[in-house]
Amino acid sequence: MKKAFYYETVIGKIGIAENGKAITNIFFGKTVVPKEIKEEETLLLEKASKQLNEYFQGERTVFDLPLEAEGTEFERMVWDALLTIPYGETRTYGQIAKQIGRPKASRAVGRANGLNPISIFIPCHRVIGSNGKLTGYAGGLYIKKKLLDMENINN
């Protein structure tokens with residue numbers, strides 16, 4: 001059974017979930033949380049919250065947490081590629097598609113990006129449209145812009 005706990009952050013209320021060995025989900029504010037998740041703070045969730053706050057304060061650019069995102073093989077390939085985007089930098093969906101060896105799959109990359117269950121820790125906010133514009137984000141475009149602006153200021 002997964003456990004989750006909610007924390008107030010500079011971008012609003014965020015829920016973090018874990019499966020007993022790794023972080024599995026981030027929930028923004030009003031996201032519906034599956035019923036099989038028990039609300040309970042654990043040492044791993046505390047550690048994740050602490051690292052998230054350090055990130056928001058500009059003190060952390062890399063997370064040191066076990067992550068376990070549930071998805072298809074293709075989705076996991078995309079999410080692994082997102083982990084290689086350095087703090088303060090962005091990539092396009094097309095660049096990620098090329099990186100994973102699927103240069104014509106930018107739309108599928110966009111879909112996988114949108115299904116990322118561990119936003120921020122797996123930095124899907126660092127992926128933008130080919131025209132340089134911000135595109136969808138689970139926490140909303142305002143949050144995506146805020147995260148990117150914060151990384152640019154602290155970089």
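**Note on the predicted model**

1. Isoleucine 120 sits in the loop that runs between helix 4 (106–114) and strand 6 (127–128). The model is a predicted one, and this residue is a reasonable place to begin reading it. The phi angle of isoleucine 120 is near 75 degrees, which is a positive value in a residue other than glycine. Is isoleucine 120 buried or exposed? Isoleucine 120 has a relative accessible area of 1%, so it counts as buried.

2. Next, the sheet. It is an open sheet of 4 strands, and the strand order is 3-2-1-4. The pairing within this sheet is mixed. Strand 3 and strand 4 (38–39) are the edge strands, since each of them pairs on one side only. The points below take the pairs in turn.

3. Strand 1 (residues 3–9) and strand 2 run antiparallel and are joined by 7 bridges. The connection between strand 1 and strand 2 is a hairpin with 2 residues. Two partners can be located by eye in this pair. Tyrosine 7 has isoleucine 14 of strand 2 as its bridge partner, and glutamate 8 stands opposite lysine 13, also in strand 2.

4. Strand 2 (residues 12–18) is also joined to strand 3, here by 5 bridges, and these two strands run antiparallel. One bridge to look for is that between isoleucine 16 and isoleucine 26 of strand 3. Strand 2 and strand 3 form a hairpin too, with 4 residues between them. In the turn of that hairpin, glycine 20 has a positive phi of about 100 degrees.

5. Which way do strand 1 and strand 4 pair? Strand 1 and strand 4 pair in the parallel sense, over 2 bridges. Within this pair, the partner of alanine 4 is glutamate 39 in strand 4.

6. Strand 3 deserves a second look. Strand 3 is an edge strand of the sheet. How many of the residues of strand 3 (residues 23–28) are buried? The count is 6 of the 6, so strand 3 is largely enclosed by the rest of the structure. A student should therefore keep two things apart: strand 3 pairs on one side only, and yet its residues are buried.

7. Asparagine 25 is one residue of strand 3. Its relative accessible area is 13%, and asparagine 25 is buried because the cut-off for that label is under 20%. The side chain of asparagine 25 makes a polar contact of 2.7 Å with the side chain of threonine 24. Not counting residues up to four places away in sequence, asparagine 25 touches Lys2, Gly15, Ile16, Ala17, Pro117 and Ile118. Of these, Gly15, Ile16 and Ala17 can be found in strand 2 (residues 12–18).

8. Serine 49 belongs to helix 1. With 9% relative accessibility, serine 49 counts as buried. Apart from neighbours within four places in sequence, serine 49 is in contact with Tyr7 and Ile16. Both names have come up above: tyrosine 7 is the partner of isoleucine 14, and isoleucine 16 is the partner of isoleucine 26. These contacts place serine 49 of helix 1 against residues of the sheet.

9. Glycine 71 lies in the loop between helix 1 (43–56) and helix 2 (73–82). Is glycine 71 buried or partly exposed? Its relative accessible area is 29%, so glycine 71 counts as partly exposed. Leaving aside neighbours within four places in sequence, glycine 71 is in contact with Arg76 and Trp79. Glycine 71 and alanine 4 are 67 residues apart along the chain, and their C-alpha atoms are separated by 19 Å.

10. Leucine 83 is in the loop between helix 2 and strand 5 (91–92). At 43% relative accessibility, leucine 83 is partly exposed. Leucine 83 is 40 residues from proline 123 in sequence, but the C-alpha atoms of the two are 6.4 Å apart in space. Beyond neighbours within four places in sequence, the contacts of leucine 83 are Leu67, Phe121, Ile122 and Pro123.

11. Last, the largest pocket. Its volume is about 180 Å³. The pocket is lined by 14 residues, and those closest to its centre are Thr61, Val62, Phe63, Leu83 and Phe121. Leu83 and Phe121 from this list are also in contact with each other. By class, the lining holds 11 nonpolar, 1 polar and 2 charged residues.

Notes
Residues numbered from 1 in each chain as written. Predicted model: local features only at pLDDT ≥ 70, side-chain atom pairs only at ≥ 80, totals over all residues. Heavy atoms only, no water. 1 Å grid on protein atoms, 1.4 Å probe; cavity = no way out; pocket = protein on both sides within 12 Å on 5 of 7 lines; lining within 4 Å. Points joined across faces, edges and corners; volume = space filled by probe spheres on them. Nonpolar A, V, L, I, M, F, W, Y, C, P; charged D, E, K, R; others polar. Buried < 20%, exposed > 50% of the residue type's maximum accessible area, 1.4 Å probe, protein only. Pairing = 2+ DSSP bridges. Polar contact = N/O pair within 3.5 Å; in protein donor to acceptor, adjacent residues only side chain to side chain. Contact = heavy atoms within 4.5 Å.
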